[in-house]
Amino acid sequence: MHERTQVPISKRWAPVAARSRVSVSILLALAAAWLAQPTAANLALGLPLVLIGLAVRAWAAGHLRKNQQLATSGPYAYVRNPLYIGSLLAGVGFGICSAHAILLCAILVVFTVWFLPVVGEEEGHIRNILPGYREYEARVPRFLPALRPRYESSQCFEWSLYLANREYSALLGFVGFGAVLWYKLQALG
């Protein structure tokens, strides 16, 4: 009799999460746009987080050569996953802006259930294709940024990388959602 090896659910879920995370994020954004009840106070509290999150994402995208070179400059000198951190900050900021506790909780659940499992898969992929990743992984924290850079690099932000990584699409999505919040604020006020 052959004994089947059980693959942990986290290993089975990660590829599904990777394939569905953008669709789930879009559905969440649509639900948030529908349910949001923004107030000026909530916009004042959440908007700074949104802007910081978008800035972190943009900074990271301008240093990232996907699957070609290990990113150790810019935000990657402080933390291994700045794109995810930027997304989380912007998402939480929009959750606060929407003034809807369920939406804020849903954003945190989606991040935890869909995005975190992907991180391990992506790091495993990078570990296999880019030399030096194991040392980088040992020096640079995964999510909580170091206070000082853990790598020194002469590489600067490159707009061409920002564009090649299509970071403008995240910016456009966040701007669109911001416009919906602004419209709803005007309509409710």
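L163 is placed in helix 6 of this predicted model, an element that covers residues 159-164. At 48% relative accessibility, L163 falls short of the 50% that an exposed residue must exceed, so L163 counts as partly exposed. A helpful sense of scale comes from pairing L163 with G132: the two are 31 residues apart along the chain, and their C-alpha atoms are separated by 26 Å. Helix 6 is also where confidence in the protein is highest, at a mean pLDDT of 96.

Just beyond helix 6 comes R166, in the loop that leads from helix 6 to helix 7, the latter spanning residues 167-188. The backbone of R166 deserves a look, as its phi is positive, at about 55°, although R166 is not a glycine. Most residues other than glycine have a negative phi. With a relative accessible area of 55%, above the 50% cut-off, R166 is exposed. A second case of this kind is N67, again a residue other than glycine, with a positive phi near 60°. N67 belongs to the loop between helix 2 and helix 3.

That loop runs between helix 2 (40-61) and helix 3 (82-98), and T72 is also found there. Because its relative accessibility is 12%, under the 20% limit, T72 counts as buried. Leaving out residues up to four places away in sequence, T72 touches A77, Y136, Y151 and S153. H63 lies in the loop between helix 2 and helix 3 as well, and is buried, with a relative accessible area of 6%. With residues up to four places away in sequence again set aside, the contacts of H63 include A71, S73, G74, P75 and Y76. Further along the chain, H63 also touches Q155, C156, F157 and L161.

Moving on to helix 3, the residue of interest is Y84. Its relative accessible area is 8%, so Y84 is buried. When neighbours within four places in sequence are left aside, Y84 is in contact with R21, F111, F115, V118, V119 and E122. For a longer span, Y84 and L185 can be paired: they are 101 residues apart along the chain, with 28 Å between their C-alpha atoms.

The cysteines can be dealt with briefly, since the structure holds 0 disulfides. C97 is in no disulfide, and the nearest cysteine sulfur to that of C97 is 16 Å away, in C105. Seen from C105, the closest cysteine sulfur is that of C97, and 16 Å is too far for a bond because a disulfide needs the two sulfur atoms within 2.5 Å. How buried or exposed are C97 and C105? C97 counts as buried, at 1% relative accessibility, whereas C105 counts as partly exposed, at 47%.

Stepping back to the whole chain, the protein has 7 helices and 0 strands. From the N terminus on, the order of elements reads α-α-α-α-α-α-α. The C-alpha trace spans about 60 × 55 × 30 Å along its principal axes. Of the 189 residues of the protein, 40% count as buried. Contacts between residues at least 6 apart in sequence give a further view of the fold: 78% of them join residues at least 24 apart.

The surface can be described in a similar way. The accessible surface of the protein comes to about 11400 Å², and carbon and sulfur atoms account for 66% of this area. As for charge, the protein has 17 positive and 9 negative side chains. The centres of these two sets lie 5 Å apart.

Finally, a word on confidence. The protein averages a pLDDT of 90, and 95% of the residues score at least 70. In contrast to helix 6, helix 1 (residues 9-35) is where confidence is lowest, at a mean of 84. Where pLDDT is low, the predicted coordinates should not be read in detail.

Conventions. Residues are numbered from 1 along each chain as its sequence is written. This is a predicted model: local features need pLDDT of at least 70, side-chain atom pairs count only at pLDDT 80 or more; totals for chains, interfaces and linings use all residues. Side-chain values use heavy atoms; hydrogens and water are left out. Buried means under 20% relative accessible area, exposed over 50%, partly exposed in between (1.4 Å probe, protein chains only). pLDDT is the predictor's confidence in each residue, from 0 to 100. Helices (H or I, at least four residues) and strands (E, at least two) are DSSP runs, numbered from the N terminus. Contact means heavy atoms within 4.5 Å. Accessible areas come from the Shrake-Rupley method with a 1.4 Å probe; for residues, only the protein chains shown count as cover. Lys and Arg count as positive and Asp and Glu as negative; His and the chain ends are not counted. The place of a charge is taken as NZ of Lys, CZ of Arg, CG of Asp or CD of Glu.
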